[in-house]
Amino acid sequence: MVAIHFSIIMGMRSYWVGTDTSQYVGIYLQRLTDFNQGGGAVYNWISNIIWILTNGNYHVFLMVLSTLTVSLYILFVYLIKTNYYEGFLSIYIYITFYYYFNAFNIQRQMLAVSISLIATYLCIKNRWLWGLLLFLIAVGIHSTAIICFINIVILKLRKSKKTLIIAVLLSGIFIFASGSLLNKFASIFGHYEMYLNTFNSNALSSKGGTIILGLFIMIFVVITPLLSPDILKNKIFSNILFFSGIGAMIYIAGYKLQLLIRMADYFAIYSTVLLPFSVEQIITKFSNRNTAKAILTSTIMIAGFILLYYKLSKNMGDIIPYSFNS
């Protein structure tokens with residue numbers, strides 16, 4: 001039911017809701033296939049199929065993309081949640097940390113993010129062939145998904161506090177080397193050249209409390225293994241802890257470059273399921289678990305609400321005024 005509601009709200013929006021939506025619709029209606037030097041081959045294939053089946057109806061186009069994006073994320077939550085509390089809070093964070101609303105804007109990338117979540121889950125479950133295939137599909141949807149192959153390295157790491165620190169620090173060091181790396185990336189996919197000269201510019205730099213969000217996530221990345229080391233023995237959530245830490249570090253250190261923040265989303269989105277699980281682990285260290293759980297849950301929900309209010313008040317992603325398709 002959640003997936004249906006979210007898909008309808010996102011999928012039935014007018015083509016001017018979301019900064020990039022009119023561009024997506026325009027590309028779809030013109031049937032352009034070379035807008036990113038072939039960096040979206042799978043995305044183009046999906047667009048063409050929808051065009052053929054619907055005679056170019058862009059309403060169906062937006063609905064299909066929205067349904068896939070939302071449903072794959074909800075499926076990921078369903079697959080790894082251990083109780084109703086974790087499922088509820090994960091979806092709440094997905095909304096208030098603005099991942100859901102980002103999909104109104106950068107819909108092609110957020111679809112790739114959702115696919116990468118399922119791909120990672122399959123790899124964790126040792127279904128490597130299907131996982132790698134989905135990673136390739138994600139890259140075919142949006143070329144930035146190529147960064148998800150780092151997940152394979154993380155999955156192979158022995159999980160400990162030491163390797164967590166190393167992984168997070170290396171992601172911070174990556175920021176300093178990102179200039180040359182992103183130049184090479186943009187040389188392949190010229191669509192992203194506009195993001196390269198924004199380190200000292202406010203034009204395309206990331207805005208909206210990215211540093212604060214990164215710090216908030218990092219607090220849980222740090223305190224969870226300190227208070228509950230058993231998380232490092234959990235095959236699923238130990239990896240999610242590492243992914244969240246990497247995403248948080250890139251949010252913090254790379255806030256001046258929007259392209260880096262977009263790549264960080266592939267990791268930071270795991271925090272939506274990490275935080276609820278962390279709460280469940282942390283409260284075991286308190287004698288009054290109900291009180292501790294209420295305090296931690298309220299802290300997360302209030303922080304999320306403040307972030308959501310701030311971003312919506314700034315109309316980030318041009319979500320407001322929201323309007324349904326005619």
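These legends walk through several close-up views of a predicted model.

**View 1. Tyr 43 and Phe 61 meet edge-to-face.** Let us start with the aromatic rings: searching the whole structure turns up 22 aromatic pairs. In the pair shown here, the ring centres of Tyr 43 and Phe 61 are 6.3 Å apart and the planes stand at 70°, so the pair is edge-to-face. Helix α3 (residues 41–54) holds Tyr 43 and helix α4 (residues 58–80) holds Phe 61, so this pair ties together parts that are 18 residues apart in sequence. Tyr 43 and Phe 61 are both buried.

**View 2. Phe 237 and Phe 277 form a stacked pair.** What is the angle between the planes of Phe 237 and Phe 277? It is 0°, and the distance from centre to centre is 3.7 Å. Phe 237 belongs to helix α12 (residues 235–253) and Phe 277 to helix α14 (residues 271–282), so the pair ties together parts that are 40 residues apart in sequence. Phe 237 is buried, its relative accessible area being 3%. Phe 277 is buried as well, with a value of 6%.

**View 3. Ring pairs build a cluster.** Here you can follow ring pairs from residue to residue. They link Phe 6, Tyr 73, Tyr 94, Tyr 98, Tyr 100, Phe 101, Phe 104, Tyr 322 and Phe 324 into a cluster. Keep Tyr 322 and Phe 324 in mind, for they return in the surface patch of the last view, together with Met 1, Ile 4, Ile 8, Ile 9 and Met 12.

**View 4. The charged end of Lys 159 sits over the ring of Phe 242.** This view brings together a charge and an aromatic ring. The distance from the charged end of Lys 159 to the centre of the Phe 242 ring is 5.5 Å.

**View 5. Lys 293 takes part in two contacts, with Tyr 85 and with Glu 280.** The charged end of Lys 293 sits over the ring of Tyr 85, at 4.1 Å from the ring centre. Lys 293 also forms a salt bridge with Glu 280, where the closest N and O atoms are 3.3 Å apart. This salt bridge links distant parts of the chain, with Glu 280 in helix α14 and Lys 293 in helix α15 (residues 289–313), 13 residues apart. Are these two residues buried or exposed? Glu 280 is buried, at 16% relative accessible area, whereas Lys 293 is partly exposed, at 23%.

**View 6. Asp 20 and Arg 262 join in a salt bridge.** The count of salt bridges comes to three. In the one shown here, the side chains of Asp 20 and Arg 262 meet with an N to O distance of 3.8 Å. Asp 20 is in the loop between α1 (2–11) and α2 (21–30), and Arg 262 is in helix α13 (residues 258–268), so the pair ties together parts that are 242 residues apart in sequence. Asp 20 and Arg 262 are both buried.

**View 7. Asp 230 pairs with Lys 233.** The closest N and O atoms of this salt bridge lie 3.9 Å apart. Both Asp 230 and Lys 233 are exposed.

**View 8. A nonpolar patch lies on the surface.** Met 1, Ile 4, Ile 8, Ile 9, Met 12, Tyr 322 and Phe 324 make this patch of about 660 Å². Met 1 is located in the segment before α1. With a relative accessible area of 68%, Met 1 is exposed.

Key. Residues are numbered from 1 along each chain as its sequence is written. This is a predicted model: local features need pLDDT of at least 70, side-chain atom pairs count only at pLDDT 80 or more; totals for chains, interfaces and linings use all residues. Side-chain values use heavy atoms; hydrogens and water are left out. Rings of Phe, Tyr and Trp (its six-membered ring) pair if their centres lie within 6.5 Å; planes under 30 degrees apart count as stacked, over 60 as edge-to-face and the rest as tilted. Helices (H or I, at least four residues) and strands (E, at least two) are DSSP runs, numbered from the N terminus. Buried means under 20% relative accessible area, exposed over 50%, partly exposed in between (1.4 Å probe, protein chains only). A charge sits over a ring if NZ of Lys or CZ of Arg is within 6 Å of the ring centre and within 35 degrees of the ring normal. A salt bridge is a side-chain nitrogen of Lys or Arg within 4 Å of a carboxyl oxygen of Asp or Glu. Patches are made of residues with over 30% relative accessible area and no salt bridge: like charges are joined within 9 Å, nonpolar side chains (Val, Leu, Ile, Met, Phe, Trp, Tyr) within 5 Å. Accessible areas come from the Shrake-Rupley method with a 1.4 Å probe; for residues, only the protein chains shown count as cover.
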